[in-house]
Amino acid sequence: MLKLPIIKIKQNMPLESIVKKALQKNNIQAKDVLSWEILKKSVDARKKNDVCLIYSIGIRVKNKNNYSHLEKVVKPTLPSLSYKRNSSLSPVIVGAGPAGLFAALWLAEAGTKPIILEQGKTVQERQKDVDNFLAMGTLNPFSNIQFGEGGAGTFSDGKLTTGIHSPFCHAVLETFVKFGAPSSILYESKPHIGTDNLVVLLKNMREYIQNKGGTFYFETKAVDFETKKGKITSVIGENVRDQKKLMWETDCIILAIGHSSRDTFQKAMDIGLSLVPKNFSVGVRIEHLQEKINEAQWGTKTSLKLPAADYKLAYHSPSGRSCYTFCMCPGGTVMASSSDLGTIVTNGMSKYARDGINANSAVLVNVTPDDFPGNSPLRGCIFQRQLEEKAFALGGSNYFAPVQRVEDFLLNRPTTHLGNVKPTYLPGVNLCNLTTILPEFVSSTLREGILYFDRKLNGFADPDALLTGVETRSSSPVRILRNEQLMANIKGIYPCGEGAGYAGGIMSAAVDGIKCATAILSTSSI
Ligand SMILES: Cc1cc2nc3c(=O)[nH]c(=O)nc-3n(C[C@H](O)[C@H](O)[C@H](O)COP(=O)(O)OP(=O)(O)OC[C@H]3O[C@@H](n4cnc5c(N)ncnc54)[C@H](O)[C@@H]3O)c2cc1C
(Lines give C-alpha, C1' and ligand atoms only; values in the text may rest on other atoms or scores of the structure.)
Protein backbone atom coordinates (compact mmCIF):
# COMPACT_ATOMS: atom_id res chain seq x y z
CA MET A 1 0.00 0.00 0.00
CA LEU A 2 1.17 3.54 -0.75
CA LYS A 3 0.59 6.58 1.49
CA LEU A 4 -0.63 9.85 -0.01
CA PRO A 5 0.60 13.13 1.49
CA ILE A 6 -1.90 14.32 4.13
CA ILE A 7 -4.88 16.32 2.99
CA LYS A 8 -6.60 19.10 4.97
CA ILE A 9 -10.38 19.38 4.71
CA LYS A 10 -12.24 22.57 5.70
CA GLN A 11 -15.74 21.83 4.37
CA ASN A 12 -17.99 18.87 5.05
CA MET A 13 -17.82 16.37 2.19
CA PRO A 14 -18.29 12.62 1.79
CA LEU A 15 -15.23 10.42 2.22
CA GLU A 16 -15.23 9.47 -1.48
CA SER A 17 -14.92 13.16 -2.41
CA ILE A 18 -12.05 13.58 0.05
CA VAL A 19 -10.22 10.64 -1.57
CA LYS A 20 -11.00 11.99 -5.08
CA LYS A 21 -9.58 15.38 -4.01
CA ALA A 22 -6.45 13.72 -2.61
CA LEU A 23 -5.88 11.73 -5.82
CA GLN A 24 -6.29 14.87 -7.98
CA LYS A 25 -3.96 16.83 -5.71
CA ASN A 26 -1.27 14.16 -6.18
CA ASN A 27 -1.87 13.56 -9.91
CA ILE A 28 -2.96 9.98 -9.43
CA GLN A 29 -5.19 8.45 -12.11
CA ALA A 30 -8.40 7.21 -10.46
CA LYS A 31 -8.39 4.29 -12.95
CA ASP A 32 -5.07 3.10 -11.45
CA VAL A 33 -6.50 2.87 -7.90
CA LEU A 34 -7.52 -0.66 -6.89
CA SER A 35 -8.59 0.29 -3.36
CA TRP A 36 -8.06 2.92 -0.67
CA GLU A 37 -8.35 3.21 3.09
CA ILE A 38 -8.09 5.90 5.75
CA LEU A 39 -4.77 5.53 7.59
CA LYS A 40 -5.17 8.42 10.01
CA LYS A 41 -7.80 11.08 10.78
CA SER A 42 -7.44 13.95 13.22
CA VAL A 43 -8.68 17.48 13.92
CA ASP A 44 -6.27 20.43 13.69
CA ALA A 45 -7.77 23.21 15.81
CA ARG A 46 -4.60 25.13 16.62
CA LYS A 47 -6.00 28.09 14.69
CA LYS A 48 -9.57 28.59 15.96
CA ASN A 49 -10.64 30.47 12.82
CA ASP A 50 -9.11 27.84 10.53
CA VAL A 51 -10.08 24.46 11.97
CA CYS A 52 -9.61 21.53 9.59
CA LEU A 53 -9.76 17.75 9.43
CA ILE A 54 -6.50 16.03 8.52
CA TYR A 55 -6.63 12.78 6.56
CA SER A 56 -3.86 10.38 5.68
CA ILE A 57 -5.00 8.02 2.94
CA GLY A 58 -3.49 4.75 1.72
CA ILE A 59 -4.03 3.42 -1.83
CA ARG A 60 -3.40 0.15 -3.61
CA VAL A 61 -2.58 0.80 -7.26
CA LYS A 62 -1.78 -0.95 -10.49
CA ASN A 63 1.22 0.47 -12.48
CA LYS A 64 3.08 0.86 -9.16
CA ASN A 65 6.16 2.13 -10.99
CA ASN A 66 4.28 5.28 -11.95
CA TYR A 67 4.00 6.10 -8.26
CA SER A 68 7.43 5.22 -6.89
CA HIS A 69 7.61 8.74 -5.40
CA LEU A 70 4.93 7.79 -2.86
CA GLU A 71 5.88 6.40 0.55
CA LYS A 72 5.13 2.73 1.27
CA VAL A 73 2.81 2.04 4.22
CA VAL A 74 4.60 -0.09 6.84
CA LYS A 75 2.14 -1.98 9.06
CA PRO A 76 3.38 -2.86 12.58
CA THR A 77 4.52 -6.48 12.78
CA LEU A 78 4.26 -8.56 15.95
CA PRO A 79 7.46 -9.83 17.56
CA SER A 80 7.88 -13.50 16.59
CA LEU A 81 6.89 -15.92 19.34
CA SER A 82 9.04 -18.99 20.02
CA TYR A 83 6.51 -21.38 21.51
CA LYS A 84 8.28 -23.52 24.13
CA ARG A 85 5.64 -24.30 26.76
CA ASN A 86 5.33 -28.04 27.33
CA SER A 87 3.15 -28.29 30.43
CA SER A 88 -0.13 -30.23 30.51
CA LEU A 89 -1.49 -27.93 33.20
CA SER A 90 -3.79 -25.09 32.15
CA PRO A 91 -2.66 -21.54 32.92
CA VAL A 92 -5.06 -19.76 35.31
CA ILE A 93 -5.97 -16.11 34.77
CA VAL A 94 -7.41 -14.16 37.68
CA GLY A 95 -9.50 -11.25 36.38
CA ALA A 96 -11.40 -10.76 33.11
CA GLY A 97 -10.48 -7.12 32.52
CA PRO A 98 -8.54 -6.05 29.39
CA ALA A 99 -5.29 -7.54 30.75
CA GLY A 100 -6.86 -10.90 31.67
CA LEU A 101 -8.96 -11.15 28.50
CA PHE A 102 -6.11 -10.44 26.07
CA ALA A 103 -3.87 -12.88 27.96
CA ALA A 104 -6.68 -15.46 27.72
CA LEU A 105 -7.08 -14.82 23.99
CA TRP A 106 -3.37 -15.30 23.27
CA LEU A 107 -3.14 -18.40 25.49
CA ALA A 108 -6.33 -19.92 24.03
CA GLU A 109 -5.19 -19.36 20.45
CA ALA A 110 -1.93 -21.12 21.40
CA GLY A 111 -4.01 -24.15 22.53
CA THR A 112 -3.21 -24.00 26.27
CA LYS A 113 -6.90 -24.19 27.41
CA PRO A 114 -6.68 -21.29 29.89
CA ILE A 115 -8.97 -21.05 32.93
CA ILE A 116 -10.33 -17.56 33.66
CA LEU A 117 -11.64 -16.70 37.12
CA GLU A 118 -13.75 -13.53 37.45
CA GLN A 119 -15.43 -12.55 40.73
CA GLY A 120 -18.02 -10.54 38.80
CA LYS A 121 -20.69 -11.60 36.31
CA THR A 122 -20.91 -11.78 32.53
CA VAL A 123 -21.26 -8.32 30.98
CA GLN A 124 -25.00 -8.76 30.31
CA GLU A 125 -25.75 -9.79 33.93
CA ARG A 126 -23.36 -7.14 35.20
CA GLN A 127 -25.29 -4.47 33.27
CA LYS A 128 -28.36 -5.28 35.37
CA ASP A 129 -26.45 -4.81 38.63
CA VAL A 130 -25.00 -1.53 37.38
CA ASP A 131 -28.44 -0.28 36.27
CA ASN A 132 -29.86 -1.31 39.65
CA PHE A 133 -27.10 0.57 41.51
CA LEU A 134 -27.59 3.72 39.42
CA ALA A 135 -31.37 3.57 39.88
CA MET A 136 -31.70 2.36 43.47
CA GLY A 137 -28.29 2.88 45.07
CA THR A 138 -27.96 -0.86 45.82
CA LEU A 139 -24.28 -1.76 45.41
CA ASN A 140 -23.24 -5.35 44.60
CA PRO A 141 -19.59 -5.48 45.83
CA PHE A 142 -18.73 -8.20 43.30
CA SER A 143 -20.63 -6.88 40.26
CA ASN A 144 -20.37 -3.15 39.62
CA ILE A 145 -18.51 -0.52 37.58
CA GLN A 146 -15.11 -1.89 38.68
CA PHE A 147 -15.77 -5.63 38.80
CA GLY A 148 -17.12 -8.07 36.21
CA GLU A 149 -16.51 -9.24 32.65
CA GLY A 150 -14.50 -6.59 30.80
CA GLY A 151 -13.11 -5.16 34.02
CA ALA A 152 -13.12 -1.51 35.06
CA GLY A 153 -13.26 -0.02 31.59
CA THR A 154 -16.48 -1.65 30.39
CA PHE A 155 -18.84 1.15 31.38
CA SER A 156 -16.52 3.81 30.05
CA ASP A 157 -15.81 5.97 27.04
CA GLY A 158 -13.54 3.16 25.95
CA LYS A 159 -10.80 5.60 25.04
CA LEU A 160 -7.86 3.67 23.59
CA THR A 161 -5.33 6.47 23.74
CA THR A 162 -2.10 5.47 25.50
CA GLY A 163 1.40 6.72 26.22
CA ILE A 164 3.04 3.37 25.48
CA HIS A 165 4.66 2.45 22.17
CA SER A 166 4.33 -1.26 21.44
CA PRO A 167 3.80 -3.34 18.29
CA PHE A 168 0.99 -5.01 20.24
CA CYS A 169 -1.08 -1.78 20.29
CA HIS A 170 -2.18 -2.25 16.68
CA ALA A 171 -2.95 -5.92 17.37
CA VAL A 172 -5.22 -4.81 20.24
CA LEU A 173 -7.06 -2.38 17.95
CA GLU A 174 -7.48 -5.05 15.26
CA THR A 175 -8.73 -7.52 17.87
CA PHE A 176 -11.36 -5.06 19.12
CA VAL A 177 -12.52 -4.50 15.50
CA LYS A 178 -12.61 -8.29 14.91
CA PHE A 179 -15.04 -8.63 17.84
CA GLY A 180 -17.26 -5.73 16.87
CA ALA A 181 -15.63 -2.36 17.62
CA PRO A 182 -16.10 0.35 14.95
CA SER A 183 -13.27 0.17 12.35
CA SER A 184 -12.69 3.91 12.84
CA ILE A 185 -10.56 3.02 15.89
CA LEU A 186 -7.91 1.82 13.43
CA TYR A 187 -7.36 5.34 12.07
CA GLU A 188 -8.79 7.88 14.52
CA SER A 189 -5.94 9.81 16.22
CA LYS A 190 -7.91 9.51 19.48
CA PRO A 191 -9.77 6.20 19.11
CA HIS A 192 -12.67 5.35 21.41
CA ILE A 193 -15.10 2.43 21.42
CA GLY A 194 -17.94 3.75 23.62
CA THR A 195 -19.60 1.66 26.31
CA ASP A 196 -22.45 0.66 23.98
CA ASN A 197 -20.00 -1.16 21.66
CA LEU A 198 -17.86 -2.53 24.52
CA VAL A 199 -20.77 -4.46 25.98
CA VAL A 200 -21.33 -6.24 22.64
CA LEU A 201 -17.72 -6.99 21.74
CA LEU A 202 -16.94 -8.50 25.16
CA LYS A 203 -19.55 -11.23 24.63
CA ASN A 204 -18.11 -12.00 21.19
CA MET A 205 -14.58 -12.13 22.61
CA ARG A 206 -15.65 -14.48 25.43
CA GLU A 207 -17.39 -16.87 23.00
CA TYR A 208 -14.33 -16.92 20.73
CA ILE A 209 -12.01 -17.75 23.68
CA GLN A 210 -14.44 -20.50 24.77
CA ASN A 211 -14.46 -21.95 21.23
CA LYS A 212 -10.66 -22.00 21.38
CA GLY A 213 -10.70 -24.08 24.58
CA GLY A 214 -10.77 -21.38 27.29
CA THR A 215 -13.06 -21.85 30.32
CA PHE A 216 -14.60 -18.94 32.22
CA TYR A 217 -15.72 -19.16 35.87
CA PHE A 218 -17.81 -16.09 36.60
CA GLU A 219 -18.82 -15.09 40.15
CA THR A 220 -15.71 -16.99 41.20
CA LYS A 221 -13.17 -15.16 43.29
CA ALA A 222 -9.59 -16.36 43.66
CA VAL A 223 -9.29 -16.43 47.46
CA ASP A 224 -6.12 -18.41 48.04
CA PHE A 225 -2.97 -19.63 46.32
CA GLU A 226 -0.94 -22.72 47.23
CA THR A 227 2.82 -22.80 46.74
CA LYS A 228 5.57 -25.36 47.20
CA LYS A 229 9.29 -24.58 47.34
CA GLY A 230 8.65 -21.04 46.11
CA LYS A 231 6.50 -22.15 43.14
CA ILE A 232 2.77 -21.79 42.59
CA THR A 233 0.98 -25.16 42.58
CA SER A 234 -2.72 -24.31 42.72
CA VAL A 235 -5.35 -21.60 43.14
CA ILE A 236 -8.52 -21.80 45.22
CA GLY A 237 -11.60 -20.07 43.94
CA GLU A 238 -14.80 -19.35 45.87
CA ASN A 239 -18.22 -18.84 44.36
CA VAL A 240 -19.36 -15.44 45.63
CA ARG A 241 -22.99 -16.59 45.87
CA ASP A 242 -22.70 -19.88 47.80
CA GLN A 243 -19.06 -19.70 48.99
CA LYS A 244 -18.46 -23.14 47.47
CA LYS A 245 -14.73 -23.60 46.89
CA LEU A 246 -12.99 -25.04 43.83
CA MET A 247 -9.29 -25.75 43.33
CA TRP A 248 -7.24 -25.65 40.10
CA GLU A 249 -3.81 -27.21 39.94
CA THR A 250 -1.50 -25.07 37.82
CA ASP A 251 2.10 -24.03 37.25
CA CYS A 252 1.28 -20.49 36.20
CA ILE A 253 -1.16 -17.75 37.18
CA ILE A 254 -1.68 -14.39 35.54
CA LEU A 255 -2.77 -12.06 38.35
CA ALA A 256 -4.74 -9.42 36.42
CA ILE A 257 -6.89 -8.19 39.30
CA GLY A 258 -7.13 -4.44 38.61
CA HIS A 259 -6.53 -1.51 40.96
CA SER A 260 -9.54 -2.01 43.21
CA SER A 261 -9.13 -5.60 44.49
CA ARG A 262 -7.93 -4.59 47.93
CA ASP A 263 -8.57 -7.94 49.63
CA THR A 264 -6.64 -9.76 46.91
CA PHE A 265 -3.74 -7.34 47.40
CA GLN A 266 -3.84 -8.36 51.08
CA LYS A 267 -3.90 -12.05 50.11
CA ALA A 268 -0.96 -11.48 47.73
CA MET A 269 1.01 -10.03 50.62
CA ASP A 270 -0.04 -12.88 52.92
CA ILE A 271 1.35 -15.53 50.56
CA GLY A 272 4.66 -13.66 50.37
CA LEU A 273 4.46 -11.72 47.12
CA SER A 274 6.56 -8.54 47.15
CA LEU A 275 4.37 -5.43 46.95
CA VAL A 276 5.42 -1.79 47.16
CA PRO A 277 3.26 1.36 47.44
CA LYS A 278 3.20 3.50 44.32
CA ASN A 279 2.35 7.06 43.32
CA PHE A 280 -1.14 7.80 42.03
CA SER A 281 -3.54 10.77 42.06
CA VAL A 282 -6.76 11.88 43.73
CA GLY A 283 -9.25 14.65 43.15
CA VAL A 284 -12.72 15.25 41.78
CA ARG A 285 -14.60 15.05 38.48
CA ILE A 286 -15.54 18.34 36.79
CA GLU A 287 -18.53 18.85 34.47
CA HIS A 288 -19.13 21.60 31.91
CA LEU A 289 -21.69 22.06 29.14
CA GLN A 290 -20.19 20.24 26.13
CA GLU A 291 -21.18 23.09 23.80
CA LYS A 292 -18.94 25.43 25.83
CA ILE A 293 -16.00 23.04 25.48
CA ASN A 294 -16.68 22.76 21.72
CA GLU A 295 -16.65 26.55 21.43
CA ALA A 296 -13.43 26.83 23.43
CA GLN A 297 -11.68 24.11 21.41
CA TRP A 298 -13.13 24.47 17.92
CA GLY A 299 -13.97 28.18 17.94
CA THR A 300 -17.25 29.38 16.38
CA LYS A 301 -16.18 29.96 12.78
CA THR A 302 -15.98 26.45 11.35
CA SER A 303 -18.87 24.82 9.46
CA LEU A 304 -17.17 21.43 9.67
CA LYS A 305 -19.10 18.66 11.40
CA LEU A 306 -16.66 17.99 14.25
CA PRO A 307 -16.75 15.42 17.06
CA ALA A 308 -17.48 16.53 20.64
CA ALA A 309 -14.30 18.34 21.70
CA ASP A 310 -11.96 17.02 24.37
CA TYR A 311 -9.09 18.57 26.33
CA LYS A 312 -5.99 17.55 28.25
CA LEU A 313 -4.51 20.07 30.68
CA ALA A 314 -1.70 20.04 33.21
CA TYR A 315 -0.41 22.48 35.82
CA HIS A 316 2.71 22.33 38.00
CA SER A 317 2.34 24.19 41.28
CA PRO A 318 5.25 26.04 42.94
CA SER A 319 4.47 23.72 45.87
CA GLY A 320 5.86 20.85 43.81
CA ARG A 321 2.44 19.26 43.35
CA SER A 322 0.87 18.74 39.93
CA CYS A 323 -2.73 19.05 38.87
CA TYR A 324 -3.96 17.57 35.61
CA THR A 325 -7.13 16.54 33.83
CA PHE A 326 -7.58 12.81 33.21
CA CYS A 327 -9.89 10.44 31.39
CA MET A 328 -11.90 13.20 29.74
CA CYS A 329 -15.33 12.00 28.56
CA PRO A 330 -16.88 14.27 25.88
CA GLY A 331 -20.68 14.20 25.83
CA GLY A 332 -20.62 11.76 28.72
CA THR A 333 -21.73 11.17 32.28
CA VAL A 334 -20.06 10.97 35.68
CA MET A 335 -20.14 7.34 36.82
CA ALA A 336 -20.71 5.96 40.30
CA SER A 337 -17.66 3.69 40.38
CA SER A 338 -17.77 2.35 43.94
CA SER A 339 -16.85 -1.28 44.53
CA ASP A 340 -16.57 -1.23 48.32
CA LEU A 341 -19.68 -0.82 50.49
CA GLY A 342 -19.89 2.58 52.17
CA THR A 343 -17.65 4.38 49.67
CA ILE A 344 -18.08 6.93 46.89
CA VAL A 345 -15.77 6.80 43.85
CA THR A 346 -16.25 8.74 40.63
CA ASN A 347 -15.12 8.09 37.05
CA GLY A 348 -16.56 8.90 33.64
CA MET A 349 -18.30 7.27 30.68
CA SER A 350 -19.50 8.18 27.21
CA LYS A 351 -21.42 6.28 24.59
CA TYR A 352 -19.78 6.00 21.15
CA ALA A 353 -21.81 8.99 19.86
CA ARG A 354 -20.57 11.19 22.73
CA ASP A 355 -23.80 13.17 22.39
CA GLY A 356 -24.52 13.93 26.04
CA ILE A 357 -25.12 17.57 27.16
CA ASN A 358 -22.18 17.62 29.56
CA ALA A 359 -18.46 17.08 29.19
CA ASN A 360 -16.56 15.68 32.15
CA SER A 361 -13.05 14.79 33.24
CA ALA A 362 -11.15 14.03 36.40
CA VAL A 363 -9.11 16.88 37.85
CA LEU A 364 -6.41 15.23 39.90
CA VAL A 365 -3.49 16.02 42.19
CA ASN A 366 -0.55 13.65 42.49
CA VAL A 367 0.04 11.79 45.76
CA THR A 368 3.04 9.73 46.82
CA PRO A 369 3.60 7.06 49.52
CA ASP A 370 4.98 9.85 51.74
CA ASP A 371 1.44 11.22 51.93
CA PHE A 372 0.10 7.97 53.41
CA PRO A 373 0.53 7.31 57.16
CA GLY A 374 2.14 4.02 58.32
CA ASN A 375 4.53 1.74 56.46
CA SER A 376 2.29 -0.98 55.04
CA PRO A 377 2.71 -1.48 51.30
CA LEU A 378 -1.08 -1.13 51.18
CA ARG A 379 -1.17 2.27 52.88
CA GLY A 380 -2.21 3.88 49.60
CA CYS A 381 -5.33 1.70 49.56
CA ILE A 382 -6.12 2.84 53.11
CA PHE A 383 -5.64 6.50 52.09
CA GLN A 384 -8.04 5.99 49.17
CA ARG A 385 -10.64 4.21 51.24
CA GLN A 386 -10.68 6.86 53.96
CA LEU A 387 -11.32 9.57 51.38
CA GLU A 388 -14.05 7.48 49.73
CA GLU A 389 -15.77 6.88 53.09
CA LYS A 390 -15.71 10.61 53.89
CA ALA A 391 -17.31 11.31 50.51
CA PHE A 392 -19.94 8.66 51.24
CA ALA A 393 -20.83 10.39 54.50
CA LEU A 394 -20.79 13.88 52.91
CA GLY A 395 -23.08 12.59 50.16
CA GLY A 396 -25.63 11.43 52.73
CA SER A 397 -24.55 7.81 53.24
CA ASN A 398 -26.85 6.52 50.50
CA TYR A 399 -24.43 6.44 47.52
CA PHE A 400 -25.43 9.98 46.56
CA ALA A 401 -22.27 11.91 45.71
CA PRO A 402 -21.15 15.23 47.18
CA VAL A 403 -21.32 17.97 44.53
CA GLN A 404 -20.18 21.61 44.48
CA ARG A 405 -20.21 24.49 41.98
CA VAL A 406 -16.74 25.64 40.93
CA GLU A 407 -17.38 29.21 42.12
CA ASP A 408 -18.23 27.93 45.62
CA PHE A 409 -15.21 25.62 45.66
CA LEU A 410 -12.89 28.47 44.73
CA LEU A 411 -14.42 30.54 47.54
CA ASN A 412 -14.41 27.59 49.96
CA ARG A 413 -18.14 27.77 50.75
CA PRO A 414 -20.93 25.18 50.50
CA THR A 415 -23.09 25.07 47.36
CA THR A 416 -26.76 25.77 48.01
CA HIS A 417 -28.14 25.85 44.47
CA LEU A 418 -27.22 24.66 40.97
CA GLY A 419 -26.68 26.88 37.94
CA ASN A 420 -26.89 25.99 34.24
CA VAL A 421 -24.78 22.83 34.56
CA LYS A 422 -26.80 19.89 35.91
CA PRO A 423 -25.09 16.87 37.52
CA THR A 424 -25.15 13.56 35.64
CA TYR A 425 -24.05 11.37 38.56
CA LEU A 426 -26.57 8.69 39.55
CA PRO A 427 -28.19 7.60 41.83
CA GLY A 428 -28.13 11.24 43.02
CA VAL A 429 -26.14 14.12 44.50
CA ASN A 430 -25.92 16.18 47.65
CA LEU A 431 -24.88 19.86 47.48
CA CYS A 432 -21.97 20.58 49.84
CA ASN A 433 -18.40 21.92 50.30
CA LEU A 434 -15.86 19.35 49.10
CA THR A 435 -13.04 21.19 50.88
CA THR A 436 -14.34 19.67 54.10
CA ILE A 437 -13.19 16.18 53.06
CA LEU A 438 -10.22 16.74 50.75
CA PRO A 439 -6.67 16.95 52.17
CA GLU A 440 -5.68 20.63 52.24
CA PHE A 441 -2.85 20.14 49.72
CA VAL A 442 -5.37 18.61 47.32
CA SER A 443 -7.93 21.44 47.63
CA SER A 444 -5.35 24.20 47.30
CA THR A 445 -3.63 22.59 44.29
CA LEU A 446 -7.03 22.00 42.64
CA ARG A 447 -7.92 25.69 43.08
CA GLU A 448 -4.62 26.78 41.52
CA GLY A 449 -5.06 24.25 38.71
CA ILE A 450 -8.65 25.17 37.85
CA LEU A 451 -7.76 28.87 37.60
CA TYR A 452 -4.69 28.06 35.50
CA PHE A 453 -6.76 25.80 33.17
CA ASP A 454 -9.26 28.62 32.74
CA ARG A 455 -6.48 30.65 31.10
CA LYS A 456 -5.75 27.73 28.75
CA LEU A 457 -9.35 26.76 28.01
CA ASN A 458 -11.83 29.58 28.21
CA GLY A 459 -14.65 28.75 30.63
CA PHE A 460 -12.92 25.96 32.51
CA ALA A 461 -13.59 27.84 35.76
CA ASP A 462 -17.21 28.59 34.77
CA PRO A 463 -18.89 29.45 38.11
CA ASP A 464 -21.65 26.90 37.38
CA ALA A 465 -19.30 24.11 36.36
CA LEU A 466 -19.74 21.23 38.79
CA LEU A 467 -17.33 19.20 40.88
CA THR A 468 -18.36 15.70 41.97
CA GLY A 469 -16.28 13.89 44.54
CA VAL A 470 -14.15 11.86 44.94
CA GLU A 471 -11.92 10.46 42.21
CA THR A 472 -9.40 8.18 43.93
CA ARG A 473 -8.66 5.33 41.52
CA SER A 474 -6.63 7.03 38.78
CA SER A 475 -4.19 4.12 38.88
CA SER A 476 -3.07 1.36 41.24
CA PRO A 477 -1.83 2.34 44.71
CA VAL A 478 0.55 -0.65 44.70
CA ARG A 479 3.01 -2.47 42.44
CA ILE A 480 3.48 -6.24 42.68
CA LEU A 481 7.15 -6.68 41.85
CA ARG A 482 8.16 -8.85 38.86
CA ASN A 483 11.40 -9.64 37.09
CA GLU A 484 12.37 -9.28 33.44
CA GLN A 485 10.55 -12.52 32.63
CA LEU A 486 7.49 -10.78 34.10
CA MET A 487 7.41 -13.28 36.98
CA ALA A 488 6.94 -12.39 40.64
CA ASN A 489 9.13 -13.63 43.49
CA ILE A 490 6.90 -16.73 43.63
CA LYS A 491 7.69 -18.76 40.52
CA GLY A 492 4.78 -19.09 38.09
CA ILE A 493 2.91 -15.96 39.23
CA TYR A 494 2.73 -13.19 36.61
CA PRO A 495 1.52 -9.88 38.09
CA CYS A 496 -0.26 -8.20 35.17
CA GLY A 497 -2.08 -5.07 34.09
CA GLU A 498 -3.16 -1.98 36.01
CA GLY A 499 -3.67 -3.57 39.41
CA ALA A 500 -0.14 -4.97 39.46
CA GLY A 501 1.16 -1.50 38.60
CA TYR A 502 2.24 -2.17 35.01
CA ALA A 503 -0.48 -0.41 33.05
CA GLY A 504 -2.80 2.56 33.13
CA GLY A 505 -5.78 2.32 30.82
CA ILE A 506 -7.44 -0.22 28.53
CA MET A 507 -4.75 -0.28 25.83
CA SER A 508 -1.69 -0.66 28.07
CA ALA A 509 -3.51 -3.24 30.23
CA ALA A 510 -4.38 -5.32 27.14
CA VAL A 511 -0.79 -5.07 25.89
CA ASP A 512 0.53 -6.17 29.29
CA GLY A 513 -1.84 -9.16 29.18
CA ILE A 514 -0.40 -10.17 25.79
CA LYS A 515 3.13 -9.74 27.12
CA CYS A 516 2.47 -11.99 30.13
CA ALA A 517 0.85 -14.63 27.89
CA THR A 518 3.80 -14.46 25.51
CA ALA A 519 6.20 -14.85 28.47
CA ILE A 520 4.35 -18.03 29.57
CA LEU A 521 4.24 -19.48 26.04
CA SER A 522 7.94 -18.90 25.48
CA THR A 523 8.97 -20.60 28.74
CA SER A 524 9.45 -24.38 28.48
CA SER A 525 9.15 -25.24 32.17
CA ILE A 526 8.24 -22.94 35.02
C1 LIG B 1 -15.70 4.14 34.80
C2 LIG B 1 -14.33 3.92 34.23
C3 LIG B 1 -14.01 4.48 33.00
C4 LIG B 1 -12.76 4.26 32.43
N5 LIG B 1 -12.53 4.78 31.19
C6 LIG B 1 -11.40 4.44 30.55
C7 LIG B 1 -11.20 4.82 29.19
O8 LIG B 1 -12.04 5.43 28.55
N9 LIG B 1 -10.01 4.47 28.60
C10 LIG B 1 -9.03 3.79 29.28
O11 LIG B 1 -7.98 3.50 28.69
N12 LIG B 1 -9.19 3.41 30.58
C13 LIG B 1 -10.36 3.70 31.20
N14 LIG B 1 -10.54 3.30 32.50
C15 LIG B 1 -9.44 2.57 33.16
C16 LIG B 1 -9.41 1.14 32.61
O17 LIG B 1 -10.66 0.62 32.74
C18 LIG B 1 -8.40 0.28 33.38
O19 LIG B 1 -7.15 0.89 33.28
C20 LIG B 1 -8.33 -1.12 32.80
O21 LIG B 1 -9.60 -1.72 32.81
C22 LIG B 1 -7.35 -1.96 33.62
O23 LIG B 1 -7.42 -3.26 33.13
P24 LIG B 1 -7.00 -4.54 34.01
O25 LIG B 1 -7.38 -5.72 33.18
O26 LIG B 1 -5.60 -4.39 34.46
O27 LIG B 1 -7.90 -4.47 35.34
P28 LIG B 1 -9.47 -4.34 35.50
O29 LIG B 1 -10.11 -3.84 34.28
O30 LIG B 1 -9.67 -3.56 36.74
O31 LIG B 1 -9.98 -5.85 35.70
C32 LIG B 1 -9.67 -6.60 36.82
C33 LIG B 1 -10.75 -7.67 36.97
O34 LIG B 1 -10.26 -8.61 37.95
C35 LIG B 1 -11.34 -9.05 38.74
N36 LIG B 1 -10.80 -9.55 40.00
C37 LIG B 1 -10.10 -8.83 40.92
N38 LIG B 1 -9.73 -9.61 41.95
C39 LIG B 1 -10.21 -10.87 41.68
C40 LIG B 1 -10.15 -12.11 42.35
N41 LIG B 1 -9.53 -12.25 43.51
N42 LIG B 1 -10.76 -13.18 41.77
C43 LIG B 1 -11.41 -13.06 40.58
N44 LIG B 1 -11.51 -11.89 39.89
C45 LIG B 1 -10.90 -10.82 40.43
C46 LIG B 1 -12.20 -7.80 38.89
O47 LIG B 1 -13.51 -8.15 39.23
C48 LIG B 1 -12.07 -7.13 37.51
O49 LIG B 1 -13.13 -7.50 36.67
C50 LIG B 1 -11.78 3.51 33.11
C51 LIG B 1 -12.07 2.96 34.38
C52 LIG B 1 -13.33 3.16 34.94
C53 LIG B 1 -13.64 2.57 36.28
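Start by selecting valine 470, which sits in strand S22 (residues 466-471). Strands here are DSSP runs of E with at least two residues, helices are H or I runs of at least four, and both are numbered from the N terminus. Before you go on: this is a predicted model, where local features need pLDDT of at least 70, side-chain atom pairs count only at pLDDT 80 or more, and totals for chains, interfaces and linings use all residues. Residues are numbered from 1 along each chain as its sequence is written, and side-chain values use heavy atoms, with hydrogens and water left out.

**Stop 1: backbone oddities**

Add glycine 469 to your selection: a cis peptide bond joins it to valine 470, with omega about 0°. Now jump to leucine 426 and proline 427, where the peptide bond is cis too, with omega near 15°. Proline 427 is in the loop between helix H9 (406-410) and strand S21 (429-431).

Next, pick glutamine 243, in the loop between strand S10 (231-239) and strand S11 (245-249). Its phi is positive, near 60°, and it isn't a glycine. Why stop for these? Because most residues other than glycine have a negative phi, and most peptide bonds are trans.

**Stop 2: the domains**

Colour domain 1 (2-72), domain 2 (92-276 + 478-521) and domain 3 (279-471) separately; these bounds come from an automatic or database domain assignment. The C-alpha centres of domains 2 and 3 are 27 Å apart. Their contact (heavy atoms within 4.5 Å) takes 31 residues from domain 2 and 28 residues from domain 3.

Together the two bury about 2,500 Å², 60% of it on carbon and sulfur atoms. Buried area is the accessible area (1.4 Å probe) that two parts lose on being put together, summed over both. Select Leu134, Leu139 and Arg262: they supply 26% of what domain 2 buries against domain 3, more than any other three residues.

**Stop 3: the ligand**

Show the residues around the ligand, meaning those with a heavy atom within 4 Å of it. There are 38, and Glu118, Gly153, Ser261, Glu498 and Ile506 come nearest. Domain 2 and domain 3 each give at least three residues to this shell.

Which element gives the most to the shell? Strand S9 does, with three residues.

Finally, zoom in on three atom pairs. One ligand oxygen is 2.6 Å from a side-chain N or O atom of glutamate 118. A ligand oxygen also lies 2.8 Å from a polar backbone atom of alanine 152, and a ligand nitrogen is 2.8 Å from a polar backbone atom of lysine 159.

Notes
Polar contact = N/O pair within 3.5 Å; in protein donor to acceptor, adjacent residues only side chain to side chain.
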